Amino acid sequence: MRLGYDKKDFEELGIKIPVNIRLSKKINAVLVAGKSGSGKSCSGRWYIWQQLYDGESFVYIADYKAGEEYERLELSPSYASGEHAFEMINEFYAFFTEVRNQKIRLRRHYTLFIEEWFGLLTYAENISKKLKTDLMSKVGEILAVGRGLNIGIMLCVQRADASLFSTGAREQFQCILSFGRCSAEQFRMLGFSGELEENPTIHYKAGEALALIDGQDSVKEIIVPLIENEDELSNQIFYYLCKQPDIAELRRTVAGGGRAAQ
Ligand SMILES: Nc1ncnc2c1ncn2[C@@H]1O[C@H](COP(=O)(O)OP(=O)(O)OP(=O)(O)O)[C@@H](O)[C@H]1O
Ligand SMILES: [Mg+2]
């Protein structure tokens, strides 16, 4: 999956050098952080599209906010908005638990994409404290153990505060993207260190980010292309989501020994 293009080469030379990761048993957790309007959702949709188009991963989307930009996906069983977002996370967790308990070796990768983690948790907390802690521990467990199982999480959040993650969960992300302007405090929370990240003169625009990727030598500054035809992108995402096994189907297949889910 292409996270974006190297910012420096693009700006200075007009050359697009891709910055890539491949979702796998090794890289399964991606954090997309940034203030409101920094380009998380636009970039996130491009990432979802790529995962589906390239067959890199199946994707299951929990979007409590029911963003207008996701409206086209409402009829897909792999997309859940409002309170249904909780069910999507619970179902995905149940799938993950079955895979783990039965030691099923998945050949394909499965991603839970969570939009607006902070908003989702606040929404959950207003319903009950237990719902919030339950969601945090389920997501924390997938982050901690999903590696090696081919099951992962891509999570969008405005601020990566410690209170939003169960103990140690933040450290499980092998790929961290920080979009737009970011305070030094946030950079530290995200695990960035060094001059580039803490230089207060760097202000990224929407769609520009710092990328910290496990196994890649240094922090990279990237630019994500702006997708002009959002409707067509959503149409294509919808098309691919309809072709993949829906979450209920996954549960049934793992319950039956997992062969069909592999
Ligand atoms: N790659 C990009 N290049 C240029 N502009 C972009 C890019 N991505 C997003 N933008 C601009 O930024 C706006 C906000 O983007 P987006 O909705 O993705 O932000 P967000 O981080 O998800 O915000 P929120 O936290 O409020 O949901 C877009 O409507 C678009 O105008
Ligand atoms: Mg958004």
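**Figure 1. Ligand 1 and its polar contacts.** A nitrogen atom of ligand 1 is 2.7 Å from a polar backbone atom of Val224. Taken alone, ligand 1 exposes 640 Å², and the protein buries 70% of that. Keep in mind that this is a predicted model. Two side chains come into the picture as well: an N or O atom in the side chain of Ser41 is 2.8 Å from an oxygen atom of ligand 1, and for the side chain of Glu116 the corresponding distance to an oxygen atom of ligand 1 is 3.2 Å. Ligand 1 is surrounded by 16 residues. Ser36, Gly37, Lys40, Ser41 and Val224 are the closest of them.

**Figure 2. The salt bridge between Arg45 and Glu230.** Here the closest N and O atoms of Arg45 and Glu230 are 2.7 Å apart. The pair ties together distant parts of the chain, with Arg45 in helix 2 and Glu230 in helix 8 (residues 230–243), 185 residues apart. Arg45 has 2% relative accessibility, so it counts as buried. Glu230 comes out at 22%, so it counts as partly exposed; the cut-off for buried is under 20% relative accessible area.

**Figure 3. Glu56 and Arg22, a salt bridge between two loops.** The closest N and O atoms of Glu56 and Arg22 are 3.7 Å apart. Glu56 sits in the loop between helix 2 (40–53) and strand 4 (58–63), while Arg22 belongs to the loop between strand 2 and strand 3 (29–34), 34 residues apart. Buried or exposed? For Glu56 and for Arg22 the answers come out as opposites. Glu56, at 3% relative accessibility, counts as buried; Arg22 is exposed, because its relative accessible area is 51% and the cut-off for exposed is over 50%.

**Figure 4. Lys7, Glu11 and Glu208 in a network.** Salt bridges link these three residues, Lys7, Glu11 and Glu208, in a network. In the bridge between Glu208 and Lys7, the closest N and O atoms are 4.0 Å apart. Glu208 is in strand 9 (residues 208–213) and Lys7 in helix 1, 201 residues apart, so to speak from distant parts of the chain. Both Glu208 and Lys7 are buried. As background, side chains of opposite charge can pair when their charged atoms come close. The count for the model comes to 10 salt bridges.

**Figure 5. A nonpolar patch at the surface.** Leu13, Ile15 and Ile17 make a nonpolar surface patch of about 270 Å². Zoom in on Ile15 and you are in the loop between helix 1 (7–13) and strand 2 (18–20). Ile15 has 41% relative accessibility, so it counts as partly exposed.

**Figure 6. Helix 3, end to end.** Helix 3 covers residues 84–101, which is 18 residues. How far should helix 3 span at 1.5 Å a residue? The expected figure is 26 Å, and the end C-alpha atoms are 25 Å apart, which agrees. Plenty of side chains to look at here: the buried residues of helix 3 include Ala85, Phe86, Met88, Ile89 and Phe92. Further along helix 3, Tyr93, Ala94, Phe95, Phe96, Thr97 and Val99 are also buried. After helix 3 comes Lys103, with a positive phi near 50°.

Definitions and conventions
Residues numbered from 1 in each chain as written. Chains lettered and ligands numbered in written order. Predicted model: local features only at pLDDT ≥ 70, side-chain atom pairs only at ≥ 80, totals over all residues. Heavy atoms only, no water. Helix = DSSP H or I, 4+ residues; strand = E, 2+ residues; numbered from the N terminus. Expected span 1.5 Å × (residues − 1). Buried < 20%, exposed > 50% of the residue type's maximum accessible area, 1.4 Å probe, protein only. Patch = residues over 30% accessible without salt bridge, like charges linked within 9 Å, V, L, I, M, F, W, Y side chains within 5 Å. Areas by Shrake-Rupley, 256 points an atom, 1.4 Å probe, with all protein chains shown as cover. Salt bridge = Lys/Arg side-chain N within 4 Å of Asp/Glu carboxyl O. Near = heavy atom within 4 Å. Polar contact = N/O pair within 3.5 Å; in protein donor to acceptor, adjacent residues only side chain to side chain.
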